[in-house]
Amino acid sequence: YASAIIIDGKRYKGATNIGVHPTVGAHDVPLCETFLLDFGGRDLYGKKATCELIAFVREEKHFGSIDELSVQIKKDCETIDNMSL
């Protein structure tokens with residue numbers, strides 16, 4: 001998902017995955033993780049963050065390798081970065 005993450009009143013673009021991570025070891029319970037595209041800070045531990053899902057980007061799928069997954073994530077981030085969130 002394209003997402004907006006709000007931390008300390010500042011809004012960041014995010015790429016959010018909600019799923020079972022089929023390429024790197026599937027889980028029984030879906031997990032949620034977000035990559036902040038435009039965050040320049042170092043540490044967010046202990047910070048309260050709000051995640052707003054803005055737009056669906058693609059279905060979760062199994063990739064043949066971590067390299068293939070990395071290439072797709074880079075494409076997803078480029079797609080999201082070009083969106084007005």
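Which residues make a nonpolar surface patch of about 360 Å²? The patch is formed by Tyr-1, Ile-18, Leu-53 and Phe-56. The model shown here is predicted. Take Ile-18 as the way in. Ile-18 sits in strand β2. Its relative accessibility is 41%, so Ile-18 counts as partly exposed. Patch residues must have over 30% relative accessible area, and the 41% of Ile-18 fits that cut-off.

Strand β2 spans residues 10-19. Follow this strand to the largest pocket. That pocket holds about 530 Å³ of space. Rolling a probe the size of a water molecule over the atoms shows where empty space is left. The lining of the largest pocket counts 24 residues. Nearest the pocket centre lie Thr-16, Asn-17, Arg-58, Ile-73 and Asp-76.

Which elements supply at least two residues each to this lining? They are β2, β3 (31-36) and α1 (66-81). Helix α1 gives the most, with five residues. What is the chemical make-up of the lining by class? It has 13 nonpolar residues, five polar ones and six charged ones.

Now turn to the charged pairs. Side chains of opposite charge can pair when their charged atoms come close. The model has four salt bridges. Three of them are traced below, starting with one between loops.

Lys-47 and Asp-8 meet through their side chains in a salt bridge, at 2.9 Å from N to O. The two residues are 39 apart along the chain, and their pair links distant parts of it. Lys-47 is in the loop between β3 and β4, while Asp-8 is in the loop between β1 (2-7) and β2. Is each partner buried, partly exposed or exposed? Lys-47 is partly exposed, because its relative accessible area is 43%. Asp-8 reaches 60% relative accessibility, so it counts as exposed.

The next salt bridge runs between strands. Here the side chains of Glu-52 and Arg-11 meet, at 3.5 Å from N to O. Glu-52 lies in strand β4 and Arg-11 in strand β2, so this pair ties together parts that are 41 residues apart in sequence. Glu-52 has 32% relative accessibility and therefore counts as partly exposed. Arg-11 is also partly exposed, with a relative accessible area of 40%.

The third pair joins a strand to a helix. The side chains of Lys-13 and Asp-81 meet in a salt bridge at 3.9 Å, N to O. This pair, too, links distant parts of the chain: Lys-13 is in strand β2, Asp-81 is in helix α1, and 68 residues separate them. Is Lys-13 buried or exposed? Lys-13 counts as buried, because its relative accessibility is 18% and buried means under 20%. Asp-81 has 44% relative accessibility, so it counts as partly exposed.

One contact between backbone positions remains. Ala-49 lies in strand β4, which covers residues 49-55. How far apart are the C-alpha atoms of Ala-49 and Ile-5? They are separated by 6.5 Å, although the residues are 44 apart along the chain. At 49% relative accessibility, Ala-49 counts as partly exposed. The cut-off for exposed is over 50%, which means that the 49% of Ala-49 leaves it in the class below.

Return to strand β2 with these points in hand. Ile-18 of the nonpolar patch lies in this strand. Arg-11 in β2 pairs with Glu-52 in β4. Lys-13 in β2 pairs with Asp-81 in α1. Strand β2 also supplies at least two residues of the lining of the largest pocket.

Key
Residues numbered from 1 in each chain as written. Predicted model: local features only at pLDDT ≥ 70, side-chain atom pairs only at ≥ 80, totals over all residues. Heavy atoms only, no water. 1 Å grid on protein atoms, 1.4 Å probe; cavity = no way out; pocket = protein on both sides within 12 Å on 5 of 7 lines; lining within 4 Å. Points joined across faces, edges and corners; volume = space filled by probe spheres on them. Helix = DSSP H or I, 4+ residues; strand = E, 2+ residues; numbered from the N terminus. Nonpolar A, V, L, I, M, F, W, Y, C, P; charged D, E, K, R; others polar. Patch = residues over 30% accessible without salt bridge, like charges linked within 9 Å, V, L, I, M, F, W, Y side chains within 5 Å. Areas by Shrake-Rupley, 256 points an atom, 1.4 Å probe, with all protein chains shown as cover. Buried < 20%, exposed > 50% of the residue type's maximum accessible area, 1.4 Å probe, protein only.
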